[in-house]
There are 2 protein chains.
Amino acid sequence: MKKAVFYHAGCPVCVTAEDMVSQAIDPAKYSLEVVHFAEKPDQIAAAELKGVKSVPALVLGDEVFHINFGASMADVKAS
Amino acid sequence: MKKAVFYHAGCPVCVTAEDMVSQAIDPAKYSLEVVHFAEKPDQIAAAELKGVKSVPALVLGDEVFHINFGASMADVKAS
């Protein structure tokens, strides 16, 4: 079972992408963790280290996939 | 079974995203069609009508998800 982490900040674009990811991802292969930065601001630095530059973003292993564009990490940190 | 269409243009960013989508998407819920614009240029106009603005992009129903950024549709049409 691989780990998938979906990072978001509660924006409308994020919510649409979260719905897609949570419905479309194969539960037989991935355990999905959803991180809302407003609830877990301590995860921001770790996400940036992984290469997350904007939200919403999906991290699978070492790969970062930015899905559409909701907000930059600078916006996330300023909010 | 819902239909998922992944549009790409063969760029490195596209290939990485295609690997992710084809591995991560739940085969119990989605039948995945992959459209390479260089092979199927007649699909370009239909993709733009769905809202595809850059590749790689994943269309699930009426929703378009641009995954990272490989090339704009203008680039695709110029190539």
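# Notebook: pocket, cavity and local geometry

I began with the largest pocket, whose lining I list as Lys2(A), Lys3(A), Tyr30(A), Leu60(A), Gly61(A), Glu63(A), Phe65(A), Thr16(B), Asp19(B), Met20(B) and Gln23(B). The model is a predicted one. I read the volume of the largest pocket as about 160 Å³. By residue class, I count four nonpolar, three polar and four charged in the lining.

Next I asked which elements supply at least two residues each to the lining of this pocket. They are β1 (2-8) and β4 (63-72) of chain A, together with α1 of chain B. I noted α1(B) as the element that gives the most, with four residues.

**Strands behind the pocket lining**

I followed Lys2(A) from the lining of the pocket to its strand partner: Lys2(A) stands opposite Tyr30(A) in β2(A). Tyr30(A) is itself on the list of residues that line the pocket. I then looked up the pairing of the strands concerned. β1(A) and β2(A), the latter covering residues 30-36, run parallel and are joined by seven bridges. For the connection I noted a right-handed β-α-β unit made by β1(A), α1(A) and β2(A).

I did the same for Leu60(A) and Glu63(A), which are also in the pocket lining. Leu60(A) has Glu63(A) in β4(A) as its bridge partner. Their strands, β3(A) and β4(A), run antiparallel, with six bridges between them. I recorded the two strands as a hairpin with two residues between them. Gly61(A), in the turn of that hairpin, has a positive phi of about 60 degrees. Gly61(A) is another of the residues that line the pocket.

**Cavity**

I turned to enclosed space. How many cavities of 30 Å³ or more does a search of the whole structure find? The search finds one. I put the volume of this cavity at about 120 Å³.

I listed its lining by chain. From chain A come Met20(A), Val21(A), Ala24(A), Ile25(A), Leu58(A) and Ile67(A). From chain B come Met20(B), Val21(B), Ala24(B), Ile25(B), Leu58(B) and Ile67(B). The elements that give two or more residues to the lining are α1 (12-24) of chain A and α1 (12-24) of chain B. I classed the lining residues as 12 nonpolar, with no polar and no charged ones. The lining of the pocket, by contrast, includes four charged residues. I also noted that Met20(B) appears in the lining of the cavity and in that of the pocket.

**Aromatic pairs**

I searched the whole structure for aromatic pairs and found two over all chains. In chain A the pair is Tyr7(A) with Phe37(A), stacked, at 5.4 Å centre to centre and 10 degrees between the planes. Tyr7(A) sits in strand β1 of chain A and Phe37(A) in the loop between β2 and α2 (44-50), so I checked the separation, which is 30 residues. I then asked whether the two rings are buried or exposed. Tyr7(A) has a relative accessible area of 1% and is buried. Phe37(A) is buried too, at 3%.

In chain B the ring centres of Tyr7(B) and Phe37(B) lie 5.4 Å apart with the planes at 10 degrees, so I entered this pair as stacked. Tyr7(B) is in strand β1 (residues 2-8) of chain B, and Phe37(B) is in the loop between β2 (30-36) and α2 (44-50), 30 residues apart. Both Tyr7(B) and Phe37(B) are buried.

**Backbone geometry**

I checked the peptide bonds. Val55(A) and Pro56(A) are joined by a cis peptide bond, with omega about 0 degrees. I located Pro56(A) in strand β3 (residues 54-60) of chain A. In chain B, the bond from Val55(B) to Pro56(B) is cis, with omega near 0 degrees. I located Pro56(B) in strand β3 (residues 54-60) of chain B.

Last, I looked for positive phi in residues other than glycine. Asn68(A) has a phi near 55 degrees, and its place is in strand β4 of chain A. At a relative accessible area of 22%, Asn68(A) is partly exposed, because the cut-off for buried is under 20%. Asn68(B) likewise has a positive phi, near 55 degrees, and lies in strand β4 (residues 63-72) of chain B. I entered Asn68(B) as partly exposed, at 23% relative accessibility.

Key
Residues are numbered from 1 along each chain as its sequence is written. Chains are lettered from A and ligands numbered from 1 in the order in which they are written. This is a predicted model: local features need pLDDT of at least 70, side-chain atom pairs count only at pLDDT 80 or more; totals for chains, interfaces and linings use all residues. Side-chain values use heavy atoms; hydrogens and water are left out. On a 1 Å grid over the protein atoms alone, a cavity is a set of points where a 1.4 Å probe fits but cannot get out, and a pocket is an open set with protein on both sides within 12 Å along at least five of seven lines; lining residues have an atom within 4 Å of a point. Grid points are joined across faces, edges and corners, and a volume is the space filled by probe spheres set on the points. Ala, Val, Leu, Ile, Met, Phe, Trp, Tyr, Cys and Pro count as nonpolar, Asp, Glu, Lys and Arg as charged, and the others, Gly among them, as polar. Two strands pair if DSSP finds at least two bridges between them. A crossover is right-handed if, with the strands pointing away from the viewer, the path from the first strand over the helix to the second runs clockwise. Rings of Phe, Tyr and Trp (its six-membered ring) pair if their centres lie within 6.5 Å; planes under 30 degrees apart count as stacked, over 60 as edge-to-face and the rest as tilted. Buried means under 20% relative accessible area, exposed over 50%, partly exposed in between (1.4 Å probe, protein chains only).
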